[in-house]
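This report is an introduction for a reader who has not met the structure before. It takes up the cysteines, then a helix and the core, and then the sheets.

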Amino acid sequence: MSNHLQLQRDYKKGRVYMDLKKEIFVDIGILGGGPAGYVAAIRASQLGAKVALIEEKELGGVCLNVGCIPTKALLKSTDTISAIRRSKEFGINGYMENISWDIAVNRKNRIIKTLNMGVRQLLEAKKVTLLKGRGTALSDKIFSVQTAEGVVHVHCDKMILTTGASPLIPTINGINLNNVITSNEALNLDELPESIVIIGAGVIGIEFANMLCSAGVKVTVIELMDRILASEDSEAALELLKIMKRKGITFKLSASVTDIQKTDAGLAVSYTVGGKALNQPCKKVLVAVGRKLNIKPLQGLPLEVKKGVLIVNENMQTNIKGVYAAGDITGGKLLAHLAFMEGKVAAENAMGIKSKINDTAIPSCIYTNPEIASVGMTEDRARREGVVVKVGKFYFRNNGRALTLGEREGFVKVLADQNNIIIGGQIVGPHASELISELTLAITLKAKASVLADMIHPHPTLSEAIWEACGDVMGRAIHK
Ligand SMILES: Cc1cc2nc3c(=O)[nH]c(=O)nc-3n(C[C@H](O)[C@H](O)[C@H](O)COP(=O)(O)OP(=O)(O)OC[C@H]3O[C@@H](n4cnc5c(N)ncnc54)[C@H](O)[C@@H]3O)c2cc1C
């Protein structure tokens, strides 16, 4: 019998482990040091708890190490390439000798290191016990952690499970070939490939397609569905699709990948569209078909799991009393800022403070050029659910600031209910990820479109497009 199994059985029989190497006793034990886990640790210790945080890799999880931050750091490099390419339009003869991608990757690594240290310092300042090692839940009160120095047991009154997600690897012939990579490896390329096939047109696939195309890589995206960005408003996704095609990205939609082969020139991806077998040669393949939630370390607990998602209630409590979960592991939108909030809510409830998330106002952002950001209701969903909405729209081509920036593509769309209360918004356009907070605040405060239409927005700014879209909901946009 394995050591873990023995421990689990002994625990159930109420035995005490006086002979074990190391026992740690805390109020709250947290498994996973990503956005959900480290925020939960900070919040719980703010509330007076003695906390232990277990992380097998690096603090900050996917977001800081192989997700949000590294992708945006590299995006800045490719945005700079685009700016140099377009520089003549602005009266400057920019000249690009070559791209040193290794320097871009090093810059990205330095940013990660700085932020990583920041998270560590925050946790240390809060006196959180940090354990580096792979943890497993032995029971609802004990984690076993395999550290470099041996096994440590963390005994806790309450648990918070925040083990996150990993790239989903589909079963396709040739998936294990060299140069078939996931987003994790794509962030650490020594040099840019001449061409790449990206399998999957979800957020991760589309962000990499945009980034690599800007850097001069020939990009082909193969997607099973007949559209990109399935979770986004279809009009916003279509607008971005047109822009990305104009930039030179090839899209194969309603296409199913059958296998990947090694060729003399590199790789070739076979796929079918409408029963027709086709083939796309390339140097690398990026697999971006989704994320698999890290449930395995939690198998020692009788948790309610549906379709690989850990089920929690609105207070982030699982079906087991005293065991909470937060972040990607609980499914829904896999977003770092949602994970932050869920971590906070889990910690508060574990500490006896009833709190929950406002799930009507969860913004999501896609960092392409231009960006897409959305919050709340979409027109597609309103149609599906039979909700009658008023829609106001304003195009960036009519916004002075957008024209000065040379970023005239996209629009702001605002959805309001019959009482003109804002219930949704989508932005395709420059700095959409920054602009969306105004609409998120409006939804959070249940503000009416008339309030934003009457609010003075500074001129010239991109935010005037929100003012105008709200004016449009009220039938009184000025520059439309
Ligand atoms: C390429 C990419 C780009 C992204 N960009 C964005 C973005 O721009 N904006 C956004 O909001 N979201 C983005 N995301 C999603 C975001 O990274 C996740 O939603 C977020 O990291 C989830 O946080 P989490 O704490 O739930 O899980 P994770 O970040 O996955 O953290 C879980 C942690 O638990 C640890 N762990 C797991 N099992 C164990 C174990 N048994 N023992 C010890 N430790 C364990 C893992 O090592 C990991 O560090 C992106 C994701 C990817 C892949």
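Cys63 is buried, at a relative accessible area of 13%; buried stands for under 20% relative accessible area, exposed for over 50% and partly exposed for the range in between, with a 1.4 Å probe and protein chains only. The model is a predicted one, in which local features need pLDDT of at least 70 and side-chain atom pairs count only at pLDDT 80 or more, while totals for chains, interfaces and linings use all residues. Residues are numbered from 1 along each chain as its sequence is written, and side-chain values use heavy atoms, with hydrogens and water left out.

**Cysteines**

A disulfide is taken here as a pair of cysteine sulfur atoms within 2.5 Å. By this rule the count is zero disulfides. The table sets out two of the cysteines.

| Cysteine | Nearest cysteine sulfur | Distance | In a disulfide |
|---|---|---|---|
| Cys63 | Cys68 | 3.1 Å | no |
| Cys282 | Cys213 | 16 Å | no |

Cys282 is also buried, with a relative accessible area of 4%.

**Helix H4 and its surroundings**

Helices (H or I, at least four residues) and strands (E, at least two) are DSSP runs, numbered from the N terminus. Helix H4 covers residues 68-85, which makes 18 residues. From its first C-alpha to its last, H4 reaches 26 Å, close to the 26 Å expected at 1.5 Å a residue; the expected span is 1.5 Å times one less than the number of residues. Among the buried residues of H4 are Pro70, Leu74, Leu75 and Ile81. Which helices are included in what covers the buried residues of H4? They include helix H3 (61-66), helix H5 (101-125) and helix H7 (203-214).

Leu123 lies in helix H5 and is buried, with a relative accessible area of 0%. Leaving aside residues up to four places away in sequence, Leu123 touches Tyr38, Ala41, Ile42, Leu53, Leu59, Val128 and Leu130, where contact means heavy atoms within 4.5 Å. One of these, Leu53, is 70 residues from Leu123 in sequence and 9.1 Å from it in space, C-alpha to C-alpha.

**The nonpolar core**

A nonpolar core is a set of buried Ala, Val, Leu, Ile, Met, Phe, Trp, Tyr and Cys residues joined through side-chain atoms within 4.5 Å. The largest one has 37 residues, and Ile198, Val219, Ile228 and Phe251 have the most contacts inside it. Elements that each supply at least two residues of this core include H4, H5, strand E9 (195-199) and helix H8 (234-247). The largest share, six residues, comes from H7.

**Two sheets**

Two strands count as paired if DSSP finds at least two bridges between them. One open sheet has five strands in the order E8-E15-E9-E10-E11, with parallel pairing. Strand E8 (180-181) and strand E11 (250-252) are at its edges; each has a single partner strand, so one side of each is left without a neighbour in the sheet. E10 and E11 pair in the parallel sense over three bridges, and Val221 stands opposite Phe251 in E11.

The other open sheet has three strands in the order E12-E13-E14, and its pairing is antiparallel. Its edge strands, E12 (255-263) and E14 (276-282), each pair on one side only. E12 and strand E13 (residues 266-273) are joined in the antiparallel sense over eight bridges. The bridge partner of Gln261 is Ala268 in E13.
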